[in-house]
Amino acid sequence: MSQAKRVVIKIGSSTLTDTQGRIDLPYIDQLAAQVQRLREQGSEVILVTSAAISAGLQALGMPPQRPNSMPVLQAAAAVGQLELAKVYAQVFANRGFKVGQILLTRFEIENRSTYLHARDTIEKLLELGVVPLINENDTVAVDEIRFGDNDTLAAQVAILVKADLCVLLSDIEGLYAADPRLVEDAELLENVGSFTEEIVNAAGESGSLSGSGGMVTKLEAARMLMAAGIPMVICEGHVPDAVIDAAAGKQVGTRFAQEDTRHSAGARKLWVALSGSAKGVIYVDDGAVKALREQGSSLLSVGVTRVAGSFIAGQAVNIRALDGFLIGRGITGFSSEELALAAGLKSTELAGHEQLGHLAQTEVIHRDQMVVF
């Protein structure tokens, strides 16, 4: 396996902080050493970092426990973003290179113009020999503060810049076949080539979407990246040379790589289907699942069984099988109210429907606006 030429590295808050919740300077220096070696080997590196709030709490002399107050969280993020960037800048400068900070929100990802501007900025930084340092703008992104995870952001950045590899550095060794906290001899899954119900259940997800948020969000990131044909590795961030080994294709943690990349979605299709957060869920029957997966068909109302959530035409929704298994995501041509009425109906039946006749020739989700996982 050849050396990855463009690597996105995401570092979680638990990896960046010590047991007292303070920024772990020796760890950042060790990470910088790995980045330096990767650059010497010809790889470009982009960092997606967490821990702005932790850095802010530390700088403000506040307890490391995450506050419940939103204004306090946002204020801590405002201070912490500067503190964290300063630490990275100083540590990386000691190794002879600069970092450039980019703060993103869902708005920049969902808006096509700003999305492309973000890409151009990252490309120029790499061209200038600067390491892009990317974080969610927690001072304004309320949802991200509430859920506190940059896994999706890292996946979006990797897709944006057409990375060769995305590495998620965490406090866990990878994905296990069972919860290692409950099953002592749980097997570490070294390679995942496709998503099965067993793989999803290993993260604690069921049809009701319950389970461990940490691993579930990582699997969602893996789904996105596998649809893009970009490998992803989850590994324990303190394992020596973890990123270097992952970039070289050596076994470390769990590696997610699509078995058949011939069906990888193009850049614009990925942006259309994945840039927005899902506003609802469309459940489809077995025939629709087969048509979507095997024939690359659009989703039609006849294959829809029910709808969950509230959405309007033009918004992103998840597509799930009858048992709740996630099949894909796309932009719907129906509102949730319209689709609830149209579920199970053929186009000929829609044509004669008093309320839905104008949608008779409209796909629920067109194949050009859908990514199947």
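How many bridges join strand β12 to β13, and in which sense do the two strands run? The views below start there and then move through the rest of this predicted model.

**View 1. The β12 and β13 pair.** Here we look at β12, residues 326-332, next to β13: 4 bridges hold the two together, and the strands run antiparallel. One spot to pick out is glycine 328, which stands opposite valine 372 of β13.

**View 2. An open sheet of 5 strands.** Step back and the pair turns out to belong to an open sheet with mixed pairing, whose strand order is β10-β9-β11-β12-β13. The edges belong to β10 (304-309) and β13 (365-372); each has a single partner strand, so one side of each is left without a neighbour in the sheet. Ignoring direction, neighbouring strands of this sheet are turned by 30° against each other on average. A helix joins the scene too: α12, residues 267-274, lies across β11 (316-320), β12 and β13, and it runs at about 90° to β13.

**View 3. Isoleucine 282 and the largest nonpolar core.** This core counts 78 residues, and Leu175, Phe256 and Ile282 are the ones with the most contacts inside it. Helix α10 (residues 213-227) supplies the largest share, 9 residues. Zoom in on isoleucine 282 and, leaving aside residues up to four places away in sequence, you'll find it touching Leu299, Val304, Arg306, Phe311, Val317, Asn318, Ile319, Arg320, Thr332, Leu339, Val364 and Ile365. Apart from this core lies another one, of 36 residues, with Ala55, Val233, Val243 and Val252 among them. As a general backdrop, nonpolar side chains tend to be buried together in soluble globular proteins.

**View 4. A cluster of three rings: Tyr88, Phe92 and Phe97.** The structure holds 4 aromatic pairs. In one of them, tyrosine 88 and phenylalanine 92 meet in a tilted arrangement, 5.9 Å centre to centre with 55° between the planes. Both sit in helix α4 (residues 70-93), 4 residues apart, or about one turn of the helix. For helices in general, there are 3.6 residues a turn, so residues three or four places apart point the same way. Phenylalanine 92 also pairs with phenylalanine 97, this time edge-to-face, at 5.3 Å centre to centre and 90° between the planes. Ring pairs thus link Tyr88, Phe92 and Phe97 into a cluster.

How well covered are these rings? Tyrosine 88 is buried, phenylalanine 92 is buried with a relative accessible area of 0%, and phenylalanine 97 counts as buried at 6% relative accessibility.

**View 5. Two arginines over rings.** Arginine 39 lies over the face of phenylalanine 97, 4.5 Å from the ring centre. Elsewhere, arginine 223 places its charged end over the ring of phenylalanine 325, at 5.6 Å from the centre.

**View 6. Strand β1 between its partners.** All 6 of the 6 residues of β1 (residues 6-11) are buried, so the strand is largely enclosed by the rest of the structure. Arg6, Val8 and Lys10 point one way, while Val7, Ile9 and Ile11 point the other. That fits the general pattern for a regular strand, where side chains alternate between the two faces of the sheet. β1 pairs in the parallel sense with β2 (residues 44-49) over 6 bridges, and 5 bridges join β1 to β5, again parallel. Valine 7 is a handy landmark: it stands opposite valine 45 in β2, and its bridge partner in β5 is leucine 165.

**View 7. Serine 170 in β5.** Follow β5 (residues 165-170) along and you come to serine 170. Serine 170 counts as buried, at 6% relative accessibility. Not counting residues up to four places away in sequence, serine 170 touches Thr15, Lys218, Cys235, Glu236 and Gly237.

**View 8. Helix α8 and the residue that follows.** Which residues of α8 are buried? Helix α8 (residues 151-160) is mostly covered, with 9 of its 10 residues buried: Asp151, Leu153, Ala154, Ala155, Gln156, Val157, Ala158, Ile159 and Leu160. Just after the helix, lysine 162 takes a positive phi of about 55°.

Methods
Residues numbered from 1 in each chain as written. Predicted model: local features only at pLDDT ≥ 70, side-chain atom pairs only at ≥ 80, totals over all residues. Heavy atoms only, no water. Pairing = 2+ DSSP bridges. Axes fitted to C-alpha atoms, helices over the stretch in contact; angles between N-to-C directions. Contact = heavy atoms within 4.5 Å. Core = buried A, V, L, I, M, F, W, Y, C linked by side-chain atoms within 4.5 Å. Buried < 20%, exposed > 50% of the residue type's maximum accessible area, 1.4 Å probe, protein only. Phe/Tyr/Trp six-rings, centres within 6.5 Å; stacked < 30°, edge-to-face > 60°. Lys NZ or Arg CZ within 6 Å of the ring centre and 35° of its normal.
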